[in-house]
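Colleague: Before we go through this model, could you show me how to read its core, its helix faces and its backbone angles?

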Amino acid sequence: MAVMFPDGIHADGSVYPIVPGGYAVVGAAALSGAVTHTVSTAVIVFELTGQISHILPVMIAVILANAVAQSLQPSLYDSIIRIKKLPYLPELGMGHHE
């Protein structure tokens, strides 16, 4: 984006600069959200950076990465539990009553 638009994006008489660091933060949050299968990484990113202006891109990226990762693989934490052969609760079906 910074190479394609070196002067920023011109819209409504304003110039919006392209900040490559913003894209890096969004990508890092999406990767950690996908690996851990949690959305709380978005909140951690907001607390670490203090930039509330990036809330929309970070939330969209984390939610999409989380949805794709959940459909493709188990969570990092679930994998560690299975590798170490630790006991864990079995999955219960929806509406399962005993």
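Modeller: What follows takes up these features in turn, bearing in mind that this is a predicted model.

Colleague: Which residues make up the largest nonpolar core?

Modeller: A nonpolar core is a set of buried residues joined through side-chain atoms within 4.5 Å. The largest one here has 12 residues, among them Val26, Ala34, Phe46, Val62 and Ala69. Helix 1 (20-36), helix 2 (40-49) and helix 3 (55-72) each supply at least two residues of this core, and the largest share, 5 residues, comes from helix 3. If residues up to four places away in sequence are left aside, Ala69 touches Ala34 and His37.

Colleague: Where around the axis of helix 2 do its buried residues lie?

Modeller: The buried residues of this helix are Thr41, Ala42, Val45 and Phe46. They lie on the same side of helix 2, because they cover an arc of only 145° around the axis. Helix 1 and helix 3 are included in what covers them, whereas Glu47 and Leu48, on the other side of helix 2, are exposed.

Colleague: Which sign does phi have in most residues other than glycine?

Modeller: Most such residues have a negative phi. In this model Asp12, which is not a glycine, has a positive phi of about 55°; Asp12 lies in the loop between strand 1 (9-11) and strand 2 (14-16), and counts as exposed at 79% relative accessibility. Lys85, in the segment after helix 4 (76-83), likewise has a positive phi, near 55°, and is exposed, with a relative accessible area of 73%. Gly50, just after helix 2, takes a positive phi of about 75°.

Key. Residues are numbered from 1 along each chain as its sequence is written. This is a predicted model: local features need pLDDT of at least 70, side-chain atom pairs count only at pLDDT 80 or more; totals for chains, interfaces and linings use all residues. Side-chain values use heavy atoms; hydrogens and water are left out. Buried means under 20% relative accessible area, exposed over 50%, partly exposed in between (1.4 Å probe, protein chains only). Helices (H or I, at least four residues) and strands (E, at least two) are DSSP runs, numbered from the N terminus. Contact means heavy atoms within 4.5 Å. The arc is that of the directions from the helix axis to the C-beta atoms.
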